Amino acid sequence: MVMGPTCGLILADLGADVVKIEPMPDGDKTRRLVGAGAGFFATFNRNKRSVAVDLKSPRGARLVRKLIARADAVIENFRPDAMERLGFGHEALLAEFPRLIYCALKGFLSGPYENRVALDEVVQMMGGLAYMTGPPGRPLRAGASVNDIMGGMFGAIAILAALQERQRTGKGQLVTSALFENNAFLVAQHMAQQAVTGKPPEPMPNRLPAWAIYDIFDTSDGGQLFVGVVTDTQWKLFCEAFHRADLYADATLDTNPKRVTARPRLLPVVAEIIRRHTRAEMMALCERIGLPFAPITRPGDLFDDPQLNQPGGMTEVELDDGRRVRLPGMPVEMAGRRFGSRIGLPKLGADSRALAQEAGLGAAEIAAMLKEGSLGE
């Protein structure tokens, strides 16, 4: 629902012709998700063409094979063995199309778990991320589909690398990206911390940070602001900005390690200093003197964020009901260019007829497929 579409989205935003193969008669299930999944389709499916086809019908399977014959890569995000049962497993397709890059997006890479079914929550729980995110004894999933999205990113990276390798060898290959191993990559820093210190890392809400001031503070107008003071130079700037020469002169606070040790007595002092100012005042001051800071915002607040609303920062898509919404574009620039929506969100089967024609099907065969229901538009 997210991992495969993310992989295709990245390639589509970069300019690839991405064809979304959707099942008859209702298409991608994320078109109809509600609740926390209501935004999935709008987020991850711009810049793609849609063909609605019955893969289990002989004519439908033949059409998809013709499309694959013209493709550089196939991306699949099914549970283990599902593609094999449909006749589109990697061994069969690579034997038929030896230059094909076949990207399988799974729950797990090769190993004892490889046949398990996974979700983002599953690997967050078993991979230590939920433990690190929530307070002690209360594991909590991250606030976004981090493994799905990053897993799709790694899949796209692997496809691009495999295409480069094909330039040298003339051969395609199977590449696989997986949720669990992605999650392990995310928590590797905590594993390394334990290896270095010999002590298990504390969950983030209970952690001892590496920096003395690295916290969320209340402001006088009821707002909240994250402020970091992560170097000795920044400590000097902080003390000067708030006219606290006494703090800067305190020898027990003159290095970051000392300030970390002194956090129990230092943080209340810093909190009181910040509480005397509005959030806007603090943001202006932090920006002026060069301190890391961040207002605590909700996702909906980002629609009006001035940074995202720079040219190319947001891209517009049209929803099924005709409303147009702006969503964040791909977070990269190339030669000063940003990547946005070229062809928007595809209507189910909107490109079925055109893609069938591109695959070499004649008008009579297309009409027959539409009549029997193996193709939809």
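## A walk through the strands, a helix and two cores

Let's start at β4, where both faces are covered: I101, C103 and L105 are buried on one side, and Y102, A104 and K106 are buried on the other. Counted along the strand, which runs over residues 101-106, that makes 6 of 6 residues buried. Keep in mind as you look around that this is a predicted model.

What sits beside β4? Strand β3 (residues 73-76) is joined to β4 by 4 bridges, and the two run parallel. If you want a spot to find this pairing on screen, look for A73, whose bridge partner in β4 is I101. β4 also pairs with strand β5 (residues 173-178), again in the parallel sense, over 6 bridges. Here a handy landmark is Y102, which has L174 as its bridge partner in β5.

Now move to helix α8, which covers residues 146-169. This helix has 24 residues and spans 34 Å from its first C-alpha to its last, close to the 34 Å expected at 1.5 Å a residue. Which of its residues are buried? The list is N147, D148, G151, G152, G155, A156, I159, A162 and R166. As background, an α-helix has 3.6 residues a turn, so residues three or four places apart point the same way. Just after α8 comes G170, with a positive phi near 75 degrees.

Further along the chain there is another sheet, an open one of 3 strands in the order β6-β7-β8, with antiparallel pairing. β6 and β8 (293-295) are the edge strands, each pairing on one side only. From one strand to the next, the twist averages 15 degrees. Between β7 and β8, which run antiparallel, there are 3 bridges, and V227 stands opposite F293 of β8.

That brings us to the nonpolar side chains, which in soluble globular proteins tend to be buried together. The largest nonpolar core here has 25 residues, and I213, F217, W235, F238, L266 and V270 have the most contacts inside it. β6 (213-218), β7 (224-229), α11 (232-241), α14 (263-275) and α15 (279-289) each supply at least two residues of this core. α14 gives the most, with 6 residues. Zoom in on L266 and, leaving aside residues up to four places away in sequence, you'll find it touching A212, I213, W235, L253 and R259. A second, separate core has 23 residues, including L67, I68, V74 and A104. The last of these takes us back to where we began, since A104 is one of the buried residues of β4.

How values were computed: Residues are numbered from 1 along each chain as its sequence is written. This is a predicted model: local features need pLDDT of at least 70, side-chain atom pairs count only at pLDDT 80 or more; totals for chains, interfaces and linings use all residues. Side-chain values use heavy atoms; hydrogens and water are left out. A nonpolar core is a set of buried Ala, Val, Leu, Ile, Met, Phe, Trp, Tyr and Cys residues joined through side-chain atoms within 4.5 Å. Buried means under 20% relative accessible area, exposed over 50%, partly exposed in between (1.4 Å probe, protein chains only). Contact means heavy atoms within 4.5 Å. Two strands pair if DSSP finds at least two bridges between them. Axes are lines fitted to C-alpha atoms, for helices over the stretch in contact, and angles run from 0 to 180 degrees between N-to-C directions. The expected span of a helix is 1.5 Å times one less than its number of residues.
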